[in-house]
Amino acid sequence: MRNTDTIVILTGAGISAESGLQTFRAEDGLWCGHKVEEVATPEGFARNPQKVQQFYNMRRAQLQDVSPNAAHQAIAGLAGRWRGEIVLITQNVDDLHQRAMEGVTPKGNYACYPMHGSLKRVRCTASEEVSEWDSDLSAEHTCLCCNLRGTLRPDIVWFGEMPYFLEEIGAALDRATLFVSIGTSGSVYPAAGFVQQLRLEKRAHLVELNLEPSAGSQYFHERHYGKATEIVPVFFGGM
């Protein structure tokens with residue numbers, strides 16, 4: 001590859017698991033002991049907003065006890081020396097990629113698109129305004145933009161909702177020379193369809209770095225399996 005090419009990186013829960021964060025959905029269909037439909041759908045929030053708020057308060061508080069691992073740092077290091085474009089698309093709602101980039105000055109063009117939202121933000125259901133948020137959230141909090149109580153919810157894209165940055169992501173995929181998928185199951189759309197789209201268009205080299213083969217592993221030209229903290233630094237280390 002030329003040092004001016006465009007690299008698009010997609011990350012999922014597997015890259016943060018070694019930092020101590022649980023993956024989104026375990027084999028039993030539960031997320032941290034809860035049914036996904038209870039804590040990750042608009043309907044679940046409407047039925048029991050207090051339960052949903054408490055669930056994300058716990059997830060948000062957990063971020064204080066974890067740090068970016070070697071895989072996050074390897075991507076940040078690549079951004080610090082790659083003269084081309086790096087587009088990082090993450091399905092994760094933690095802030096580990098952002099923290100790994102602290103103190104790193106990208107050599108070329110760098111963008112990070114958290115397509116499923118962020119635990120560190122809240123959204124007003126009345127105005128759709130988004131605000132940074134670090135502490136617990138409840139129905140008693142007053143929204144700063146409309147002064148109403150009970151209108152704030154986690155800025156998380158739940159099942160049945162449209163992911164963020166789809167236009168920007170689509171444009172980045174059109175420019176990609178290398179596409180690397182890290183720690184994602186390949187079962188959650190639309191992200192699961194990115195590699196299929198690129199394979200059909202035959203314009204990018206496709207690489208999977210994962211603990212085990214994903215649901216779409218057959219679409220990749222190159223596959224490496226193992227712990228993210230081991231294989232990601234090795235893969236990017238020579239670039």
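**Exercises on a sheet and its cores**

Val180 touches Val8, Ile9, Leu10, Val207, Leu209, Phe235 and Phe236, leaving aside residues up to four places away in sequence, where contact means heavy atoms within 4.5 Å. This is a predicted model, in which local features need pLDDT of at least 70, side-chain atom pairs count only at pLDDT 80 or more, and totals for chains, interfaces and linings use all residues. Residues are numbered from 1 along each chain as its sequence is written, and side-chain values use heavy atoms, without hydrogens and water.

**Exercise 1.** Work out which elements give two or more residues to the largest nonpolar core.

*Solution.* Begin with the term: a nonpolar core is a set of buried Ala, Val, Leu, Ile, Met, Phe, Trp, Tyr and Cys residues joined through side-chain atoms within 4.5 Å, and buried means under 20% relative accessible area with a 1.4 Å probe, protein chains only. Next, of its 24 residues, Ile9, Ile75, Val180, Ile182, Leu209, Val232 and Phe236 touch the most other members. The elements sought are β1, α5 (70–79), β4, β9, β10 and α9 (228–237), being DSSP runs numbered from the N terminus (helices H or I, at least four residues; strands E, at least two). Finally, α5 supplies the largest share, six residues.

**Exercise 2.** Establish the strand order of the open sheet, and find its edges.

*Solution.* Two strands pair if DSSP finds at least two bridges between them. The six strands follow the order β5-β4-β1-β9-β10-β11, with parallel pairing. The edges are β5 (109–114) and β11 (222–225), each of which pairs on one side only. At the β11 edge, four bridges join it to β10 (residues 205–210), and Leu209 has His224 in β11 as its bridge partner.

Note on methods
Buried < 20%, exposed > 50% of the residue type's maximum accessible area, 1.4 Å probe, protein only.
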